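Please walk me through this structure in the viewer, one selection at a time. Tell me what to select next and what is there.

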Amino acid sequence: QVQVVESGGGLVQAGGSLRLSCTASRIFNINTMGWYRQTPGKQRELVADITSGGSSNYADFVKGRFTISRDNAKNTVLLQMSSLKPEDTAVYYCYARIRPNPWSEWFDYWGQGTQVTVSS
């Protein structure tokens, strides 16, 4: 059974940094991995994603502050968040496009979410 597990959220003051980590396991193959975030009453929004080839994509509101990277050997994606603002407060969700076994199609899997709180 596929697992997507996040870690690294927490409480930080404005201007500080946090690093989120997400690892997928029990998979056959993995393609794009990335991070979304969600606040109460709002839709989940893309923060950043990265392909298996290393091409990354960022939302305008994090460009220059967040960096996404991945370790393909470990099926892990990292999100380094710097210069955090109170408006970055949200639950951050990892996602991964995964093929669970050789005969299956590709599916999107989500982590359980990790809270990031930025105090002013």
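Start by selecting Asn 75, which sits in the loop between strand S7 (66-71) and S8. The model is a predicted one. Is Asn 75 buried or exposed? Its relative accessible area is 19%, and because the limit for buried is under 20%, Asn 75 counts as buried. Now show what surrounds Asn 75. Apart from neighbours within four places in sequence, the residues in contact with Asn 75 are Cys 22, Thr 23, Ala 24, Ile 27, Ile 30 and Met 33.

Two residues from that list come next. Select Ala 24, which belongs to strand S3. Ala 24 is buried, at a relative accessible area of 4%. With residues up to four places away in sequence set aside, Ala 24 touches Gln 3, Val 4, Ile 30, Lys 74, Asn 75 and Ile 98. Asn 75 therefore appears here again, this time as a partner of Ala 24. For a distance to try in the viewer, pick the C-alpha atoms of Ala 24 and Thr 51: they are separated by 14 Å, and the two residues are 27 apart along the chain.

Then select Cys 22, and add Cys 94. A disulfide joins the two, with an S to S distance of 2.0 Å. Where in the chain do Cys 22 and Cys 94 lie? Cys 22 is in strand S3 (residues 18-25) and Cys 94 is in strand S9, 72 residues apart, so the pair links distant parts of the chain. A disulfide is a covalent bond between the sulfur atoms of two cysteines. Look along the S-S bond: the torsion about it is about -80°, which makes the disulfide of Cys 22 and Cys 94 left-handed. Cys 22 is buried, with a relative accessible area of 0%, and Cys 94 is buried too, also with 0%. How many disulfides does a search of the whole structure find? The search finds one.

Stay with S3 and step past its end to Arg 26, in the loop between S3 and strand S4 (29-38). Arg 26 is exposed, with a relative accessible area of 55%. Check the backbone here: Arg 26 has a positive phi of about 60°, although it is not a glycine.

Move on to the loop between S8 and S9, where three residues are worth selecting in turn. Begin with Ser 82, which lies between strand S8 (76-81) and strand S9 (90-99). Ser 82 is partly exposed, at 23% relative accessibility. Leaving out residues up to four places away in sequence, Ser 82 touches Gly 16, Ser 17, Arg 65 and Phe 66. Add Leu 18 to the selection: its C-alpha atom and that of Ser 82 are separated by 6.7 Å, with the two positions 64 residues apart along the chain.

Next select Ser 83, found in the loop between S8 and S9. Ser 83 has a positive phi of about 50° and is not a glycine. At 42% relative accessibility, Ser 83 counts as partly exposed.

The third stop in this loop is Asp 88, placed between S8 and S9. Is Asp 88 buried or exposed? Its relative accessibility is 1%, so Asp 88 counts as buried. Neighbours within four places aside, Asp 88 is in contact with Arg 37, Arg 65, Phe 66, Ser 83, Val 116 and Val 118. Ser 83, the previous stop, is among them.

Finally, clear the selection and view the whole protein. The secondary structure comes to zero helices and eleven strands. Turn the model along its principal axes: the C-alpha atoms fill a box of roughly 50 × 25 × 20 Å. The radius of gyration is 14 Å, which agrees with the value near 14 Å for a compact globule of 120 residues. Buried residues make up 39% of the 120 residues. Of the contacts between residues at least 6 apart in sequence, 56% join residues at least 24 apart.

To end, colour the surface and the charges. The accessible surface is about 6500 Å², and 46% of it belongs to carbon and sulfur atoms. There are 12 positive and 9 negative side chains, and the centres of the two sets lie 3 Å apart.

How values were computed
Residues numbered from 1 in each chain as written. Predicted model: local features only at pLDDT ≥ 70, side-chain atom pairs only at ≥ 80, totals over all residues. Heavy atoms only, no water. Helix = DSSP H or I, 4+ residues; strand = E, 2+ residues; numbered from the N terminus. Buried < 20%, exposed > 50% of the residue type's maximum accessible area, 1.4 Å probe, protein only. Contact = heavy atoms within 4.5 Å. Disulfide = S-S within 2.5 Å. Rg over C-alpha atoms; globule rule 2.2 N^0.38 Å. Areas by Shrake-Rupley, 256 points an atom, 1.4 Å probe, with all protein chains shown as cover. Lys, Arg positive; Asp, Glu negative; His and termini not counted. Charge placed at Lys NZ, Arg CZ, Asp CG, Glu CD.
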